[in-house]
Structures are given as structure tokens and as C-alpha cells.
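Hi,

Here's the structure I promised to pass on. Have a look at it first, then read my notes below.

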Amino acid sequence: MTTTCVWALLLLWACPVDPYQIPYNERKDPDPSWGQMDPKDYHQDARQGKVRECQRCCDPEEETPHHFSSHHYPQYQVVPQINITLLKGEKGDTGERGPHGKLGKTGQMGPPGSSGIKGSKGSMGLPGEPCKSYFAAFSVARKKGLHSNDYYQTLIFDTVLVNLYGHFNMFTGKFYCYVPGVYYFSLNVHTWNLKETYLHIMHNEREVVILYTQPSDRSIMQSQSLMLELEKDDQVWVRLFKGERENAIFSDEFDTYITFNGHLIKPKNEL
């Protein structure tokens, strides 16, 4: 069925049918004056069903048949083509910058580039602030023996061995903390024969450790040491305490028997 339809369409395309063609049995003899008739009359005869015989368009002094006229085949006019690039105008001003688009996904890091050329040496900067003191140390001694007459008596020292930055006050007998941190202290004394030795190492007004020796018929060296964490303006000093018996420490002008030492181990800002 499909093949039959295809052949029918091909025949219709190859043999077009003229809707104005009159059947062969209804044709009349050609009019000898058909070639000289006016085009208006031709259209009128066509509407009345009168059709004349065809003549060759190449015969001399004959008009072109009407069915080849512009009525069925319109005449085309040649339109000149203009090259627009030849009429290009001047470049316009740059327009305003458009809004930023959305950020894309972060790409992978590329390989490191090659090292650049070494730059020139810069100018010298301004001088900085002087270094601050982050250390403290002292070592003091006493060359005179001492007998306590009161219940509480501050031990005053008369000899300076080391007093870095003057943090130990020789008049008050106290060490003043100017650099907060952890400190190490040690106290060394010599006992007196047949007398009691009773001292405290003080942190501000608080007794921290005690150095004590009972009365004996011979004198000995005694020591005490400790570490303290101090804040700024804290005080460390030594105090004698008088009990039921006489309290004393021995020393002379020739040798040094009594010493008090201290130094900063680590400042607070480094803890």
C-alpha cells in the first residue's frame, strides 16, 4: 500500500495538471487572430472558457503567451547588497561596569612559582624600646651577733654581697618584688652556745617557714630554703621570735656567719 501511494505522488509531481486546460474533445479550432488579440480580451476569453492554441514563444512578431506573464511568475527585482562594514561608525563610550557574578568553586592550589629576584635592602627602622628587666637577685650578710629583746624583731643586715637593681632594702631588711614570678630564698645562721635559735622567713605578714635550734653546749650552722611565687610589691624578710628562753644568733667581725639570699627563677609572663 505504501509503495502504491509513493508512485502516485511521483506521477502527480511529474505530470502537473493545468486547472484551466479544456478537455481534448471540447476544444475548438484555433482562432487565426489569437496572436494579435489584446491581453484584456485574452483574460475575458479565459473566463468564458475560450482557449486558443499555443504558439511558440520564439516565433517572430508574436507576444508571449499570457500564462507565462507576470501574473503567474512575478518578476524579481535585483536589490543591491550593502557591505555594512564599510559604513561602520565611530567607537562609542565604554558602558558602566556590570554587577559581579556569583563566585565559582575554589580551584585546586597550583604549583609554587619560581623564586623572584632578591629585592634591595630596606632602610633602617626606628630604634626600639630599651629592654626591660626580667631578673632579680640579692645576697646580704650580717657580721654582728644578735640577741632578741622583743617578741618580734626584724633581722637587719649590714653587708651587701649582691643587690641587683637595688630590690633589697638594707634599711628595712626586706626584699621588695618588682618582677612577679617564682623566687628561690635561703637563710643561713650560726647558733649561740646554750641559747635558742628561733627565726621565721616571712612573706608579707605571714610566717612561711621556721628555722629552729634547741639550746646546746655547742654551736652549729643551720639553714633553711624555699621557693615562693610573688606578685608585684610583695615583701620577703626574716624575723626573730622570743619565746620562753633567750633567742640569739652568733657572728663576729672576722667571719660572716649570717646570710640571706634570693633570686628570680622564672618571671610570671613566661609561666
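Start with K195: its charged end sits over the ring of W192, 4.8 Å from the ring's centre. Bear in mind as you browse that this is a predicted model. You'll find another lysine placed over a ring if you go to W237, where K174 lies over the face, at 4.7 Å from the ring centre.

Rings also meet other rings here: the structure holds 16 aromatic pairs. One of them is F157 with F260, and this pair is stacked, with 5.9 Å from centre to centre and 20 degrees between the planes. What I like about the pair is that it links distant parts of the chain. F157 is in the loop between β3 (152-154) and β4, while F260 belongs to strand β13 (residues 258-267), and the two are 103 residues apart. Are F157 and F260 buried or exposed? Both are buried.

The two also have company. Try colouring F138, F157, F168, F175, Y183, F185 and F260 together, as they form one aromatic cluster.

Now for the outside. F135, L161, V162, L164 and Y165 make a nonpolar surface patch of about 460 Å². If you want to find L164, go to the loop between β4 (159-163) and β5 (168-169). L164 has a relative accessible area of 30%, so it counts as partly exposed, a label for values that are neither under 20% (buried) nor over 50% (exposed).

Have fun clicking around, and write back with any questions!

Cheers

Key
Residues are numbered from 1 along each chain as its sequence is written. This is a predicted model: local features need pLDDT of at least 70, side-chain atom pairs count only at pLDDT 80 or more; totals for chains, interfaces and linings use all residues. Side-chain values use heavy atoms; hydrogens and water are left out. Patches are made of residues with over 30% relative accessible area and no salt bridge: like charges are joined within 9 Å, nonpolar side chains (Val, Leu, Ile, Met, Phe, Trp, Tyr) within 5 Å. Accessible areas come from the Shrake-Rupley method with a 1.4 Å probe; for residues, only the protein chains shown count as cover. A salt bridge is a side-chain nitrogen of Lys or Arg within 4 Å of a carboxyl oxygen of Asp or Glu. Helices (H or I, at least four residues) and strands (E, at least two) are DSSP runs, numbered from the N terminus. Buried means under 20% relative accessible area, exposed over 50%, partly exposed in between (1.4 Å probe, protein chains only). Rings of Phe, Tyr and Trp (its six-membered ring) pair if their centres lie within 6.5 Å; planes under 30 degrees apart count as stacked, over 60 as edge-to-face and the rest as tilted. A charge sits over a ring if NZ of Lys or CZ of Arg is within 6 Å of the ring centre and within 35 degrees of the ring normal.
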